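Please open the model in your viewer and keep the sequence panel beside it. The stops below go from the whole chain to a few chosen residues.

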Amino acid sequence: MLPDSLEKFILHRRIDSFHKIWFLLFMHKHSQQDRINREYVRQVTFTDAPALDEVIEELKESGLLTSSNEVLRLEDTPEVRSDLDTMAHVFEDPSGRQELLRRLYRHASVPL
């Protein structure tokens with residue numbers, strides 16, 4: 001079972017795909033860097049530009065990401081850091097990762 005705080009975070013921030021989770025965890029892992037270049041993310045993730053742009057725009061709309069030109073920045077609030085710490089911890093555990101992904105697919109047909 002996922003922590004309630006993580007469930008609320010996922011629902012409130014409209015995190016509804018593996019791509020969003022992976023991208024957020026990537027940004028969180030590299031959060032010591034103040035800003036990350038969009039092209040760098042594309043190269044590291046092997047994601048095509050349209051798919052990456054879609055994820056970035058949706059995360060910007062949910063208030064988790066800001067961008068200026070080609071530079072991306074994760075929202076740096078205590079709440080976001082705490083929730084992403086929890087997500088990273090859950091994702092590290094194989095059974096937690098499985099539960100997290102199950103949660104996405106179980107609620108995929110429910111409008112957020």
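Accessible areas come from the Shrake-Rupley method with a 1.4 Å probe, and for residues only the protein chains shown count as cover. This is a predicted model, in which local features need pLDDT of at least 70 and side-chain atom pairs count only at pLDDT 80 or more, while totals for chains, interfaces and linings use all residues. Residues are numbered from 1 along each chain as its sequence is written, and side-chain values use heavy atoms, with hydrogens and water left out.

Begin by selecting the whole chain, which exposes about 6800 Å², with 52% of that area supplied by carbon and sulfur atoms. Of its 112 residues, 38% count as buried, meaning under 20% relative accessible area.

Switch next to a cartoon view, where the chain has six helices and three strands, taken as DSSP runs (H or I, at least four residues, for helices; E, at least two, for strands) and numbered from the N terminus. Along the sequence they follow the pattern α-α-β-α-α-β-β-α-α.

Now select residues 65–68, strand β2, which runs antiparallel to β3 and is joined to it by four bridges; strands count as paired if DSSP finds at least two bridges between them. Leu65 stands opposite Leu74 in β3. The two strands form a hairpin with two residues between them, and Asn69 in the turn has a positive phi of about 55 degrees.

Move on to residues 36–37, strand β1, which pairs with β3 in the antiparallel sense over two bridges, with Asn37 opposite Val71.

Finally, show the side chains of β3, residues 71–74: Leu72 and Leu74 lie on its covered face, whereas Val71 and Arg73 lie on the uncovered one. In a regular strand, side chains alternate between the two faces of the sheet.

Technical notes
Buried means under 20% relative accessible area, exposed over 50%, partly exposed in between (1.4 Å probe, protein chains only).
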